[in-house]
2 protein chains.
Amino acid sequence: MRTTIYDVAKKAGVSIATVSKVFNKKGNISTETIQHVLQVAKELNYKPSFVASALTGKSTNTIGLLIPDIANSFFSEMARSIEDRGHELGYTVVICNTDNLPEKEAQYLEWLQRKSVDGIILGTGATSINVMKTLQKDRIPTALVSREIPGFNVNMVLCDDFQGAFEATEHLLKLGHTNIGFITAAFDNLCEQTRLEGYKAALKKHKVPFKEANIFSGNMSIEQTKQNVKEQLSEISKMTAFFAVNDLVAIGLIQGLKEQGFSLPNDMSIVGFDNTMLAVINDPSLTTIAQPIQKMGQLITDLLIDEINGVQAKKEKIVMKPELIIRKSAIKYKPDLKWAEN
Amino acid sequence: MRTTIYDVAKKAGVSIATVSKVFNKKGNISTETIQHVLQVAKELNYKPSFVASALTGKSTNTIGLLIPDIANSFFSEMARSIEDRGHELGYTVVICNTDNLPEKEAQYLEWLQRKSVDGIILGTGATSINVMKTLQKDRIPTALVSREIPGFNVNMVLCDDFQGAFEATEHLLKLGHTNIGFITAAFDNLCEQTRLEGYKAALKKHKVPFKEANIFSGNMSIEQTKQNVKEQLSEISKMTAFFAVNDLVAIGLIQGLKEQGFSLPNDMSIVGFDNTMLAVINDPSLTTIAQPIQKMGQLITDLLIDEINGVQAKKEKIVMKPELIIRKSAIKYKPDLKWAEN
DNA sequence: CTGAAAGCGCTAACAT
DNA sequence: ATGTTAGCGCTTTCAG
């Protein structure tokens with residue numbers, strides 16, 4: 001078996017209490033003893049068990065991260081940042097892909113609790129009020145990224161979705177577009193709703209009437225969005241521009257349109273949201289609203305860990321400022337487009 | 001505190017052993033008792049602690065996954081597949097971003113051991129012989145994905161790098177190119193070496209002499225690759241085509257070239273390796289060698305978990321067949337290119 | 001400055 | 001069919 005605290009204690013000729021103390025830098029142990037114990041531990045290649053220590057009430061140094069899909073750039077970039085910060089602070093992170101499915105989310109949450117994780121970061125869309133209630137009842141530190149659930153006093157950091165959507169839409173408006181579609185992904189979460197509000201607000205400011213018919217549904221899968229595009233092509237063709245709820249949808253739309261023979265950005269202007277690495281790579285490179293993903297991941301991790309350590313006065317809600325990044329997917333309105341007869 | 005097995009036992013009027021048995025479906029317990037215990041447990045919202053159970057020698061249902069960077073599509077797609085399969089089989093996965101740094105890798109490995117993970121999947125480039133030796137000595141089940149370390153009898157699944165590189169290069173050759181560069185990322189791992197060999201073999205078969213000068217160094221960061229491209233531009237311009245060691249490098253090269261005023265694919269043909277989602281999105285869409293990422297992740301997870309459960313005759317080495325996916329980044333050699341004077 | 005002992009929540013003989 | 005009990009490896013009073 002692996003070497004335990006007993007092995008070290010015996011070989012060092014001290015009690016296990018002493019060994020425990022030197023490893024936790026607690027109590028008063030003479031420098032000599034410390035040196036000696038450390039020496040012996042090293043010889044024996046002793047590695048204190050986190051699970052045994054956790055059982056005595058100490059933390060597991062683990063946080064759970066729930067996101068829809070780690071293969072999605074926005075979340076993988078977020079996960080990277082969270083894991084980095086966690087690692088710096090001595091935490092390990094377990095990822096949970098929920099696909100925005102309430103059942104999967106519930107399942108993961110239960111496992112995480114059974115594993116006694118120290119805290120949980122929710123970056124998933126499915127989270128219901130009930131889930132939040134349970135989490136609070138069980139007193140497990142929970143934080144929200146890029147996701148808001150009204151009515152709960154938890155740490156969260158998110159981007160100003162309203163403002164971002166407003167800027168995206170206004171950018172299109174200023175380019176002369178008026179037939180601007182809004183294409184969503186899942187649409188069951190507040191984040192997308194808020195972006196829709198921002199879109200509407202921009203239209204309103206510029207006195208362009210909002211039309212229900214200009215709302216289209218994409219999907220978090222590029223393939224599915226392409227499929228949707230195909231099916232809604234005639235309606236889509238009535239637009240000259242689109243604000244896509246996120247980069248992935250924007251790209252699905254672009255790919256779909258290209259497949260249908262559109263030449264971009266000439267035949268359609270598109271702006272996305274997130275500014276993941278995909279935005280740069282895409283053809284045409286994507287004009288989009290940047291969220292400071294890395295910073296957000298770092299902040300939420302800090303907040304969560306502060307809460308875990310009880311070093312926190314009150315819960316914070318940090319709202320980051322979005323930024324319009326102009327690339328090549330959105331250009332000036334051209335009145336001579338064949339389908340822009342309006 | 002959270003409710004424990006004692007709470008359930010007391011309220012149900014049975015012993016903790018009974019409760020334990022019903023939850024583990026062990027021993028002979030009357031149907032009535034089972035029902036009753038389950039009922040009480042539900043009322044109390046009892047969730048058996050994995051950490052306590054782990055301390056008694058049972059597994060933690062956790063596997064560790066070491067990869068260079070989860071924000072990199074190849075690894076995030078791989079991670080997704082591994083997590084999916086793990087989840088199906090009741091395992092949770094903790095991700096560790098090593099950046100191919102031996103220190104980080106060692107650090108993570110120690111933590112994982114201290115957390116008593118049931119097994120580890122290594123998808124990182126840094127892994128040294130020594131690390132593998134330690135892992136074997138400590139008898140912790142270890143598996144390798146997309147990475148080979150000769151001399152160790154461990155489960156692994158990888159893609160035929162030689163064959164893939166051969167096909168990529170031959171594709172370029174058949175398009176009429178002879179000045180074909182090879183651009184690498186880290187180059188310190190066997191995988192890249194093997195791809196280089198495949199590249200050389202294809203050249204040889206087609207009687208094109210291999211030149212050391214045609215090897216260029218890219219980087220796992222797109223930005224860094226672009227930088228490298230800038231610096232090596234004059235040498236790069238002597239090529240008419242490139243085989244990039246992976247999609248990320250290919251994309252860095254493409255972006256860098258475009259920034260330098262190249263028009264692609266006209267001015268340079270490029271083929272990548274991996275077929276991540278980036279390949280489709282990129283402009284021009286990337287001709288590349290597809291690895292069955294999803295299948296590989298699933299297979300390695302199965303193998304590892306089989307080993308954990310002791311249900312395995314011997315260690316497997318599964319080599320997947322790569323497949324050339326033709327898109328738009330590589331085209332016929334045009335003798336009239338201004339810098340193709342050879 | 002160091003050690004003995006209780007206990008964390010659960011499992012697995014071994015009894016009954 | 002069910003209960004008693006001895007650990008698992010560690011932390012933490014409390015004594016000495």
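Which helix gives the most residues to the surface near DNA strand D? The points below take that up for this predicted model, then turn to the chain pair and the cysteines.

1. Contributing helices. H2(A) gives the most to the surface near DNA strand D, namely 4 residues. Four helices supply at least two residues each: H1 (5–12), H2 (16–24) and H4 (50–55) in chain A, and H2 (16–24) in chain B. Both chains are therefore represented among these helices.

2. Make-up of the surface. There are 28 residues around DNA strand D. By class, 13 of the residues are polar, 12 nonpolar and 3 charged. Those that come nearest to the strand are Ile5(A) from chain A and, from chain B, Thr18(B), Lys21(B), Asn28(B) and Thr33(B).

3. Backbone and bases. On the DNA side, sugar or phosphate accounts for 66% of the strand D atoms within 4 Å of the protein, and bases account for the rest.

4. Polar pairs with the strand. Two side chains are placed against phosphate oxygens of DNA strand D: an N or O atom of Thr18(B) at 2.7 Å, and a polar atom of Asn24(A) at 3.1 Å. Thr18(B) is also one of the residues that come nearest to the strand. Tyr6(A) addresses a base instead, with a polar side-chain atom 3.2 Å from a base nitrogen of DNA strand D.

5. Relation of the two chains. Chain B superposes on chain A with an RMSD of 0.1 Å after a rotation of 180 degrees, the shift along the axis being 0.0 Å. The two copies are thus related as by a two-fold rotation axis. Within chain B, Val94(B) has the C-alpha nearest that axis, at 2.0 Å. Both copies use the same surface, since 100% of the contact residues of chain B recur in chain A.

6. Cysteines. Over all chains, the structure holds 0 disulfides. Cys159(A) is in none, and the nearest cysteine sulfur, in Cys191(A), is 9.0 Å away. Cys159(A) counts as buried because its relative accessibility is 3%. For Cys96(B), the closest cysteine sulfur belongs to Cys96(A) in the other chain; at 14 Å the two are too far apart for a bond. With 0% relative accessibility, Cys96(B) counts as buried too.

Technical notes:
Residues numbered from 1 in each chain as written. Chains lettered and ligands numbered in written order. Predicted model: local features only at pLDDT ≥ 70, side-chain atom pairs only at ≥ 80, totals over all residues. Heavy atoms only, no water. Near = heavy atom within 4 Å. Polar contact = N/O pair within 3.5 Å; in protein donor to acceptor, adjacent residues only side chain to side chain. Nonpolar A, V, L, I, M, F, W, Y, C, P; charged D, E, K, R; others polar. Least-squares fit on C-alpha atoms with pLDDT ≥ 70 in both. Contact = heavy atoms within 4.5 Å. Disulfide = S-S within 2.5 Å. Buried < 20%, exposed > 50% of the residue type's maximum accessible area, 1.4 Å probe, protein only.
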